[in-house]
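Student: Got a minute to go through this one with me? I'd like to start with what's tucked inside and then move on to the charged pairs.

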Amino acid sequence: MQQNSSVTEFILLGLTQNPMRQKMVFGIFFIFYVGTVVGNLLIIVTIKYSPTLGSPMYFFLFYLSLADSCFSTSIAPRLLVDSLSAKKIISYNECMTQVFALHLFGCMDIFVLIFMAADRYVAICKPLHYPTIMRRQVCTILIILAWIGSFIHSIAQIILALRLPFCGPNLIDHYCCDLQPLLKLACMDTYRINLLLVSNSGAICSSSFVILMISYIVILHSLRNHSAEGRKKALSTCTSHITVVIFTFVPCIFIYTRPPTTFPMDKMVAVFYTIGTPFLNPLIYTLRNAEVKNAMRKLWHIKISSGSKR
């Protein structure tokens with residue numbers, strides 16, 4: 001990466017400077033990260049090998065779990081290592097790579113959540129056309145377009161980051177590299193770059209959130225015409241989706257749709273967005289979804305039974 005500054009490395013201040021609290025951070029977030037990876041991998045494996053989970057909703061859930069695992073992995077391992085290190089040094093290139101990965105998988109999350117809302121809308125509001133509209137070829141094309149869109153978004157973030165000149169302090173008051181904390185270190189007027197950041201990441205978060213909430217309001221309104229059993233099942237699924245949407249987008253909007261000012265809760269909001277949400281997503285989708293729970297029981301019962309026979 002071509003460097004537009006005299007700074008070759010940054011020092012991350014992390015969540016705390018207190019050695020005892022740093023050990024607590026390691027313990028807590030190690031549990032969160034392991035839970036995130038294991039939970040999402042369980043969903044990925046279950047959907048991959050369970051014939052009962054072949055619908056478009058679970059096809060998209062597969063990629064949501066994959067994106068969540070990668071998103072968390074782009075942040076958590078570095079946070080864990082730094083919590084045990086006296087000096088949290090990250091090179092310029094590593095920092096730019098983290099910015100790219102953070103936005104690639106974060107944007108992929110957003111696209112998949114939109115597709116899941118579209119899937120529920122078609123399934124509930126246009127049930128007769130559902131098999132035609134949401135056929136596997138269409139779903140595959142949507143996922144390919146999501147990866148392409150996420151890649152373009154991430155490239156745009158990297159271009160903005162590479163334009164920032166760093167010639168002074170290299171202390172990042174954060175636990176990871178992102179454009180907002182980097183803007184504070186740049187030795188230039190960052191007003192226009194921040195406007196570009198808001199119009200890119202901020203617009204994606206805000207517009208997607210509005211679209212998703214409107215779509216779920218329409219879906220919930222249309223449930224009046226369904227049977228009691230159909231309403232209960234659809235409401236359970238939509239509640240899970242709406243919960244994940246709120247957990248994902250509210251912190252995202254808070255971080256990316258405002259001027260580069262610092263608030264006391266910034267790091268906690270970022271922790272919830274980057275560590276908490278990927279950890280909670282598999283819990284929400286499994287605990288509130290009987291089909292996923294039953295598929296997991298059957299799949300792992302078969303695996304254990306076949307293993308014991310050997």
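**Helix H3 and what surrounds it**

Tutor: Sure. In this predicted model, the buried residues of H3 are Ala 76, Arg 78, Leu 79, Leu 80, Asp 82 and Ser 83.

Student: So how much of helix H3 is buried, and what does that say about where it sits?

Tutor: Six of its eight residues, 76-83 being the full run, are buried, so H3 is largely enclosed by the rest of the structure.

Student: Arg 78 is on that list of buried residues. Which side chain does Arg 78 meet in a salt bridge?

Tutor: Glu 94, with an N to O distance of 3.7 Å. That pair links distant parts of the chain, since Arg 78 is in H3 and Glu 94 is in helix H4 (residues 92-125), 16 residues apart.

Student: And Glu 94, is that buried or partly exposed?

Tutor: Partly exposed, at 41% relative accessibility.

Student: OK, how many salt bridges are there by this rule?

Tutor: Four. One of them is between Arg 120 and Asp 119, at 2.8 Å, N to O. Arg 120 counts as buried at 13% relative accessibility, and Asp 119 is buried too, at 0%.

Student: What about Lys 267, which residue does its side chain meet?

Tutor: Asp 173, in a salt bridge of 2.8 Å, N to O. Lys 267 lies in helix H10 (residues 266-287) and Asp 173 in the loop between strand E3 (171-172) and helix H7 (179-183), so the pair ties together parts that are 94 residues apart in sequence. Lys 267 is buried, with 17% relative accessible area, while Asp 173 counts as partly exposed at 44%.

Student: Which residues do salt bridges with shared partners join into one network?

Tutor: Arg 78, Asp 82 and Glu 94.

Student: Switching topic: which residues make the nonpolar surface patch?

Tutor: Ile 141, Ile 144, Leu 145, Ile 148, Phe 151, Ile 152, Ile 155 and Ile 159, covering about 740 Å². Take Ile 155: it lies in helix H6 (residues 136-162) and counts as partly exposed, at 32% relative accessibility.

Student: How do H6 and H8 run relative to each other?

Tutor: Roughly antiparallel, because angles over 145 degrees count that way and their axes cross at roughly 160°. The axes of H6 and H8 (residues 191-222) come within 11 Å, and the crossing is left-handed.

Student: Last one: how far apart are Leu 42 and Trp 300 in space?

Tutor: 9.9 Å, C-alpha to C-alpha, with their positions 258 residues apart in sequence. Leu 42 lies in helix H1 (residues 19-49) and counts as partly exposed at 31% relative accessibility.

Note on methods: Residues numbered from 1 in each chain as written. Predicted model: local features only at pLDDT ≥ 70, side-chain atom pairs only at ≥ 80, totals over all residues. Heavy atoms only, no water. Buried < 20%, exposed > 50% of the residue type's maximum accessible area, 1.4 Å probe, protein only. Helix = DSSP H or I, 4+ residues; strand = E, 2+ residues; numbered from the N terminus. Patch = residues over 30% accessible without salt bridge, like charges linked within 9 Å, V, L, I, M, F, W, Y side chains within 5 Å. Areas by Shrake-Rupley, 256 points an atom, 1.4 Å probe, with all protein chains shown as cover. Axes fitted to C-alpha atoms, helices over the stretch in contact; angles between N-to-C directions. Left-handed = near helix turned anticlockwise from the far one by under 90°.
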